[in-house]
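Good morning, colleagues. I would like to take a few minutes to present one protein model. Please look at the sequence and the structure as they appear.

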Amino acid sequence: MFSIEVILDDPHNNISDYIFQRIGINLHQRANHPLGILKSVIGDYFDSKYGQESFKRFDDIYPIVSTFENFDSVLVPKDHISRSANDTYYVDANRVLRCHTSAHQHEMLKSGEKQFLVTGDVYRRDSIDATHFPVFHQMEGVRVFEASELISNDLNDVEIVSIELKDTLEGLAQHLFGKVEMRWVDAYFPFTEPSFELEIYFNGEWLEVLGCGVMQQSILKDSGNQGKMAWAFGLGLERLAMVLFDIPDIRLFWSDENRFSDQFDAQMFRAGGIGMKKFKSYSKYPPCLKDVSFWLPENVANFTENNLCELVRGIAGNLVEEVKLIDEFHNSKTGKTSNCFRIVYRSMERSLTDEEVNVLQENVRSRMVDEFGVTLR
Ligand code: DAH
């Protein structure tokens with residue numbers, strides 16, 4: 001499809017080897033992986049509500065897409081921060097690793113699809129903690145309405161579509177979580193109007209389950225569906241799987257260990273319902289905390305938290321659990337600002353030795369000087 005050399009040579013490329021190596025792993029395609037199970041269980045719900053396969057499934061669409069698909073086709077404003085190289089992985093000036101499965105709405109609609117579910121890996125430069133990983137998985141659903149479905153005496157088109165959308169997604173949440181309290185929260189997405197988020201009350205707190213809304217007319221028009229109405233939703237599979245299966249750290253989804261993977265069996269969950277079984281968390285190995293204090297460079301734009309996280313992930317891979325700013329102060333005499341970040345190293349699979357963590361941390365420190373021009377303290 002393309003050669004790695006071309007990508008690596010492009011000045012816009014900000015994709016580290018670590019991220020690059022995730023392409024093609026496709027955790028959501030593994031039937032007995034928690035993400036694959038959740039995908040199937042959601043698919044089962046749509047089959048039971050609308051009829052077998054009446055929502056067409058797409059789960060092997062390649063994650064490198066054009067900036068048009070990722071942003072313009074879904075009306076992301078030209079100056080939106082998600083377009084920045086600090087937030088998104090660029091292959092070159094015109095191609096990115098998709099940051100959401102919404103990137104495929106336009107093409108799917110244009111090729112005539114009316115009801116579909118797209119599942120795929122998505123990529124975002126972000127902070128590092130137990131619930132954030134730069135590669136995660138989303139599912140997108142779209143339903144275009146027939147003219148005959150929009151006939152009503154007292155409701156307008158937007159109301160008809162919103163009601164059907166909310167009914168469908170409440171049904172989905174109940175299918176996944178059982179009888180739970182739910183609420184709708186108004187939201188903003190460029191591709192829908194009105195837009196909503198569905199939250200459920202689970203384990204003592206309100207949890208966002210998905211985003212959705214009535215598709216903007218111009219998206220329908222640009223994809224050859226002039227005058228039609230549609231709804232769309234998008235959800236993060238890890239986020240839901242962590243809650244449903246009680247998985248404590250997002251890195252576990254990438255674990256090759258049997259004691260993780262042996263706990264998930266698609267047949268059992270699809271037959272018995274997800275709520276039946278929880279993940280048996282194996283005891284955690286001890287963390288190793290390392291702080292790094294430094295003066296920001298003269299040109300502060302050279303340093304961002306996302307860039308630091310990318311750097312640490314590139315050196316420590318899955319051994320980094322969290323990167324957080326724990327102290328910041330400004331010296332008004334010198335005009336300089338100091339930051340202190342705490343890096344938590346921990347393996348999901350074994351005890352780390354002091355020596356190996358020290359090597360990682362030394363590496364992080366010197367690369368910070370080289371890449372960002374910070375002054376270590
Ligand atoms: N693309 C959104 C995100 O990544 C999720 C989303 C929200 C998708 C609303 C939709 C939608 O299709 O209608 O956060």
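**From one residue pair to the whole fold**

Let me begin with a single pair: F294 stands opposite L376, a residue of strand 14. I should say at once that this is a predicted model.

Which strands pair here in the antiparallel sense over 2 bridges? They are strand 11, residues 288–295, and strand 14. In general, the strands of a sheet are joined by backbone hydrogen bonds, in a parallel or an antiparallel arrangement.

Strands 11 and 14 belong to an open sheet of 4 strands, whose order is 12-13-11-14 and whose pairing is antiparallel. At its edges are strand 12, spanning 320–331, and strand 14, spanning 375–376, each of which pairs on one side only.

I now turn to the protein as a whole. In total, the protein contains 12 helices and 14 strands. For 377 residues, a compact globule would have a radius of gyration near 21 Å, and the 22 Å of this protein therefore agrees with that expectation. Along the principal axes, the C-alpha atoms fill a box of roughly 70 × 45 × 45 Å.

How much of the protein is buried? Buried residues amount to 51% of the 377. Among contacts with a separation of 6 or more, 66% are between residues 24 or more positions apart.

Finally, the surface and the charges. The exposed area is about 17300 Å², of which carbon and sulfur atoms supply 48%. The protein carries 39 positive and 58 negative charges, and the mean positions of the two sets lie 2 Å apart.

Thank you for your attention.

Definitions and conventions. Residues numbered from 1 in each chain as written. Predicted model: local features only at pLDDT ≥ 70, side-chain atom pairs only at ≥ 80, totals over all residues. Heavy atoms only, no water. Rg over C-alpha atoms; globule rule 2.2 N^0.38 Å. Buried < 20%, exposed > 50% of the residue type's maximum accessible area, 1.4 Å probe, protein only. Contact = heavy atoms within 4.5 Å. Areas by Shrake-Rupley, 256 points an atom, 1.4 Å probe, with all protein chains shown as cover. Lys, Arg positive; Asp, Glu negative; His and termini not counted. Charge placed at Lys NZ, Arg CZ, Asp CG, Glu CD. Pairing = 2+ DSSP bridges.
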